[in-house]
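Got your viewer open and a cursor ready? Let's walk through this model one selection at a time, starting with some rings.

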Amino acid sequence: MTVNKAVALRISELLHKNRLTQYRLEINSGLSHSRIGCILREKNKTVTLSTVMLLAQGFGMSLIEFLDNPYFAFDRLEIE
């Protein structure tokens, strides 16, 4: 699985779990609609650490909490 796919899955999971809309995440994180949309549709090849940090902030969690998920297991990710 690519890092972008892992981030997209994590975002979708957290949106559902926290009953948030993409719009609310955009407001909370400061990320644009197009940037989050590209991540969710897996249009990006990579996602920067600063973007992941802003996403975590948008969910009201630390970066470690965001990444603490089996999606990010090193042996499952394709590193490009």
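Start by selecting F59, F66 and F72, which together form one aromatic cluster. Before looking closer, keep in mind that this is a predicted model, where local features need pLDDT of at least 70, side-chain atom pairs count only at pLDDT 80 or more, and totals for chains, interfaces and linings use all residues. Residues are numbered from 1 along each chain as its sequence is written, and side-chain values use heavy atoms, with hydrogens and water left out.

**The rings**

Rings of Phe, Tyr and Trp (for Trp, its six-membered ring) count as a pair if their centres lie within 6.5 Å; planes under 30 degrees apart are called stacked, over 60 edge-to-face, and the rest tilted. By this rule there are two aromatic pairs. Show F59 and F66 first: their ring centres are 6.4 Å apart and their planes meet at 25°, so this pair is stacked. Now swap F59 for F72. F66 and F72 make a tilted pair, with 6.1 Å from centre to centre and 40° between the planes.

Are these rings buried or exposed? Buried means under 20% relative accessible area, exposed over 50%, and partly exposed in between (1.4 Å probe, protein chains only). F59 is buried at 11%, F66 is buried at 0%, and F72 is buried as well.

**A charge over a ring**

Keep F66 on screen and add R10. R10 lies over the face of F66, 5.8 Å from the ring centre; the rule asks for NZ of Lys or CZ of Arg within 6 Å of the ring centre and within 35 degrees of the ring normal. R10 is itself buried, with a relative accessible area of 7%.

**The salt bridges**

Stay on R10 and bring in E13. Their side chains meet in a salt bridge at 2.5 Å, N to O; the term needs a side-chain nitrogen of Lys or Arg within 4 Å of a carboxyl oxygen of Asp or Glu. E13 and R10 are three residues apart in helix α1, so about one helical turn separates them. (Helices, H or I of at least four residues, and strands, E of at least two, are DSSP runs numbered from the N terminus.) E13 is partly exposed at 29%.

The structure holds two salt bridges, so which residue partners K5? Select E42: the closest N and O atoms of this pair are 3.4 Å apart. The pair links distant parts of the chain, 37 residues apart, with K5 in helix α1 (residues 3-17) and E42 in the loop between α3 (33-40) and α4 (49-58). K5 is partly exposed at 31%, and E42 is partly exposed at 37%.
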